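User: I would like to go through this structure with you, one question at a time. Please give the cut-offs behind each term as it comes up.

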Amino acid sequence: MPQDQSSTQAPSDNRDVIVTLVHGTFARGTAWTQEGSALRQHIAEALNDEPGTVTFDVFEWSGTNSHRARIKAGYELADHICALRQTHPHCRHFIVAHSHGGNVALLAHKHLPDELHALGIATLGTPFVYANLDESIRGKTLEQLADEAPRHTETITGFGAWVIGVPSAIMADTVLEGTSFDVWYWIVGIGIAAGLTGSLILSYLWPPIAKLWHRFSGKPAAVRLANAVSFAPTPQTHVLSFIYPGDEAGRLLDTLEATTTLPSRAIRWVRSATSIGFGALFITIIGLAIVSAIAQEFVDFDDEAIADWVAEGFAGIITVLIFSWVALVIFRYVASFLRGHPWGFGWERPSIHAHVDIGIETEPSLPSSKSYLHQEVPYSAHAPEGGMRHVGLYHDPRILEALSYWMTHVR
């Protein structure tokens, strides 16, 4: 049942209007949703000129600034709307939501059949949250990721064999030099055999280890979060959003978004540059070896010194890239705690930043809504005295006038 209703009389047919008000973060019991607020008065005055009645309905959620809280509130609002439409099946239903309440309103429609979707959703200063998955996992299901987890067996086993075999070969070269059947011969032989059979051993050990590690890795968590915060199609719904460009909340979230996307892009660039660098190093050394072999027929020079200089130069570049990658990964992880702060995005698990970028869109990507209008209100915002501009949207007469006009004309 609706938590708070006030009306001139009980709604009776499809000319009646119910307006559900949804508050934003940290705003339970906020005054703009209560009887006598400027927003209620403007809407009531506009709609009372039409046949039918106007009913205001208040939905309250925890107001906690976290993805988990907003996702949970989306389910709760969907249940709230279902109960509301059981008692008012033929009403014209609108939702007016402030700040993250707009995300809650849109998330609720993922859990409602089309016939229960609101006729209109108006958002005030909503930072529409999006989640961009890494290309390696985009479009994949959790089951597909689980199946792919052990697929790198050849790489892992080859690396394991190399780690075991190379030191063994070096030791063999040192110990066996000038000897035949010394006691160390058997120890080195066992080491070499372990290196050669390492791939076979790891081929059995790696798949169960990979599947176990997958359960705790960031990939499935990133996919779950991206799926949970995405919006569903709203083919029956008109969407109207108002925003003050560059208000306090928007600037904060833009800054937090940059701490996610910029390090991720830099990490991807460094990773690709390092791979290219390794390939370029080997190709250059091989090329120099061929050139020096030919050039020595005509010019006398120290080819070993040149080769050493090239190798050291490339090694220095690769070392810088590797340390840069490590520093960026650490920065991204530490910065994720800022995003997880209650004044940030409300992130619960920093480690998944390696697989998904979280940000906000001034204009949301709404799949196939009935209609969508985004209105940026001029920068001369009407903020309450001593308050933030972000909380002034539901007091702004320009917004209230446009909102009321919109409600009287959408069908």
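User: Which residues line the largest cavity?

Analyst: This is a predicted model, in which local features need pLDDT of at least 70 and side-chain atom pairs count only at pLDDT 80 or more, while totals for chains, interfaces and linings use all residues. Residues are numbered from 1 along each chain as its sequence is written, and side-chain values use heavy atoms, with hydrogens and water left out. A cavity is a set of points, on a 1 Å grid over the protein atoms alone, where a 1.4 Å probe fits but cannot get out, and a lining residue has an atom within 4 Å of a point. On that basis the largest cavity is lined by H67, R70, I71, N103, L107, V129, V229 and F231.

User: How much space lies in the largest cavity?

Analyst: Grid points are joined across faces, edges and corners, and the volume is the space filled by probe spheres set on the points. The count by this rule is one cavity of 30 Å³ or more. The space in the largest cavity comes to about 60 Å³.

User: Which element gives the most residues to the lining of the largest cavity?

Analyst: Helices (H or I, at least four residues) and strands (E, at least two) are DSSP runs numbered from the N terminus. Two elements, α2 (67–87) and α3 (101–108), give two or more residues to the lining of the largest cavity. The one that gives the most, with three residues, is α2.

User: How do the lining residues of the largest cavity divide into nonpolar, polar and charged?

Analyst: Ala, Val, Leu, Ile, Met, Phe, Trp, Tyr, Cys and Pro count as nonpolar, Asp, Glu, Lys and Arg as charged, and the others, Gly among them, as polar. Applied to the lining of the largest cavity, this scheme gives five nonpolar, two polar and one charged.

User: How are the rings of W32 and Y394 arranged, and why?

Analyst: The structure holds three aromatic pairs, where rings of Phe, Tyr and Trp (its six-membered ring) pair if their centres lie within 6.5 Å, and planes under 30 degrees apart count as stacked, over 60 as edge-to-face and the rest as tilted. For W32 and Y394 the centres are 5.2 Å apart and the planes stand at 15 degrees, so the pair is stacked.

User: Where along the chain do W32 and Y394 lie, and how many residues apart are they?

Analyst: W32 is in the loop between β2 (17–22) and α1 (38–47), whereas Y394 is in the loop between β9 (371–376) and α10 (397–409). The pair therefore links distant parts of the chain, with W32 at 3% relative accessibility and counted as buried, and Y394 also buried at 9%; buried means under 20% relative accessible area, exposed over 50% and partly exposed in between, with a 1.4 Å probe and protein chains only. Along the sequence, W32 and Y394 are 362 residues apart.

User: What is the arrangement of the rings of F94 and W406?

Analyst: F94 belongs to strand β4 (residues 92–98) and W406 to helix α10, which places them 312 residues apart, and both F94 and W406 are buried. Their ring centres are 5.7 Å apart and their planes meet at 65 degrees, so the pair is edge-to-face.

User: Which residues does E361 contact, leaving aside its neighbours within four places in sequence?

Analyst: E361 has its place in strand β8 and counts as partly exposed at 25% relative accessibility. The C-alpha atoms of E361 and Y130 are separated by 7.2 Å, although the two residues are 231 residues apart along the chain. Taking contact to mean heavy atoms within 4.5 Å, the residues that E361 touches outside those neighbours are F128 and Y130.

User: What is the phi of F26, a residue other than glycine?

Analyst: F26 lies in the loop between β2 and α1 and, with 45% relative accessibility, counts as partly exposed. Its phi is a positive value, near 55 degrees.

User: How far apart in space are R271 and W325, C-alpha to C-alpha?

Analyst: R271 is found in helix α8 (residues 248–295) and is counted as partly exposed at 46% relative accessibility. R271 and W325 are 54 residues apart in sequence, and their C-alpha to C-alpha distance is 7.1 Å.

Methods. On a 1 Å grid over the protein atoms alone, a cavity is a set of points where a 1.4 Å probe fits but cannot get out, and a pocket is an open set with protein on both sides within 12 Å along at least five of seven lines; lining residues have an atom within 4 Å of a point.
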